[in-house]
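Subject: Structure handover

Hello,

Here is the structure I said I would pass on. Please keep it open while you read the notes under it.

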Amino acid sequence: MVSFPAIKSTADKIINTRIAQVSLQTGATEYEERVSYVYNNASQTVGAGYALLSAGIVGGPAGFAVAGIALAATVVNKVVEISQKQRMLQLQQSMETYRLIWRVCVRAFQGAAQRTSKEKSNGN
């Protein structure tokens, strides 16, 4: 149990380096972000489990109770974080949709204006 933090730290460094190479090797930055997000959440879960186990071993039932309360607070915090991130992604997606619609409208307007000016110049 004493060496767990050192092992976890080394594993985190190795795995994060591999994750960082995803976009370099494939060009898929969005996939890299998703893999990184999932790994970070999994890593935090493992860390929380270790803390709960350690508190139980050191503090007995009272240690488990305190760690359980801390774990519950962490879960609530993570749910709020995920909800906020989901809202931000939805907002970004909506903004991108509006930008695309705007570009299409501008191009259509520019095309119509060019056709009208050509028609006027050919008609005069």
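A pocket, as the word is used here, is an open set of grid points with protein on both sides within 12 Å along at least five of seven lines. Its volume is the space filled by probe spheres set on those points. Please also keep in mind that this is a predicted model.

Pockets

Rolling a probe the size of a water molecule over the atoms shows where empty space is left. In this model, the largest pocket holds about 280 Å³ of space. Which residues line the largest pocket? They are Glu30, Glu33, Arg34, Tyr37, Ile82, Lys85, Gln86 and Leu89. Sorted by class, this lining has four charged residues, three nonpolar ones and one polar one.

The second largest pocket has about 200 Å³. Its lining consists of Asn41, Gln44, Thr45, Ala48, Gly49, Leu52, Leu71, Thr74, Val75 and Lys78. Here the classes come out as five polar, four nonpolar and one charged. Lys78, named in this lining, comes up again below with the salt bridges.

Salt bridges

Side chains of opposite charge can pair when their charged atoms come close. How many salt bridges does the structure hold? There are four, and three of them are described here, one after another.

One of them joins lysine 8 and aspartate 12, with 3.1 Å from N to O. Both residues belong to helix H1 (residues 4-26), and because they are four residues apart there, about one helical turn separates them. Is aspartate 12 buried or exposed? Aspartate 12 counts as buried, because its relative accessibility is 17% and the cut-off for buried is under 20%.

Another pairs glutamate 81 with lysine 78, and their closest N and O atoms are 3.3 Å apart. The two are three residues apart in helix H2, so about one helical turn lies between them. The partners fall into separate accessibility classes: lysine 78 has 18% relative accessibility and counts as buried, whereas glutamate 81 has 34% and counts as partly exposed. Lysine 78 is thus a salt-bridge partner and also part of the lining of the second largest pocket.

A further salt bridge is made by the side chains of glutamate 96 and arginine 99, at 3.0 Å from N to O. These two also lie in helix H2, three residues apart, which is about one turn of the helix. Glutamate 96 has a relative accessible area of 33% and is partly exposed. Arginine 99 is partly exposed as well, with 40%.

A nonpolar patch on the surface

Which residues form a nonpolar patch on the surface? They are Met88, Leu91, Met95, Tyr98 and Ile101, and together they have about 520 Å² of accessible area. Methionine 88 is part of helix H2, which covers residues 29-123. Its relative accessibility is 47%, so methionine 88 counts as partly exposed.

Distances along the chain and in space

Two pairs of residues can be checked with the distance tool in your viewer. Alanine 67 sits in helix H2 and counts as buried, because its relative accessibility is 13%. Alanine 67 and serine 94 are 27 residues apart along the chain, and their C-alpha atoms are separated by 40 Å.

Valine 80 is in helix H2 too, and with 40% relative accessibility it counts as partly exposed. How far apart in space are valine 80 and alanine 11? From C-alpha to C-alpha the distance is 28 Å, while in sequence they are 69 residues apart.

That is what I have for now.

Regards

Key
Residues numbered from 1 in each chain as written. Predicted model: local features only at pLDDT ≥ 70, side-chain atom pairs only at ≥ 80, totals over all residues. Heavy atoms only, no water. 1 Å grid on protein atoms, 1.4 Å probe; cavity = no way out; pocket = protein on both sides within 12 Å on 5 of 7 lines; lining within 4 Å. Nonpolar A, V, L, I, M, F, W, Y, C, P; charged D, E, K, R; others polar. Patch = residues over 30% accessible without salt bridge, like charges linked within 9 Å, V, L, I, M, F, W, Y side chains within 5 Å. Areas by Shrake-Rupley, 256 points an atom, 1.4 Å probe, with all protein chains shown as cover. Buried < 20%, exposed > 50% of the residue type's maximum accessible area, 1.4 Å probe, protein only.
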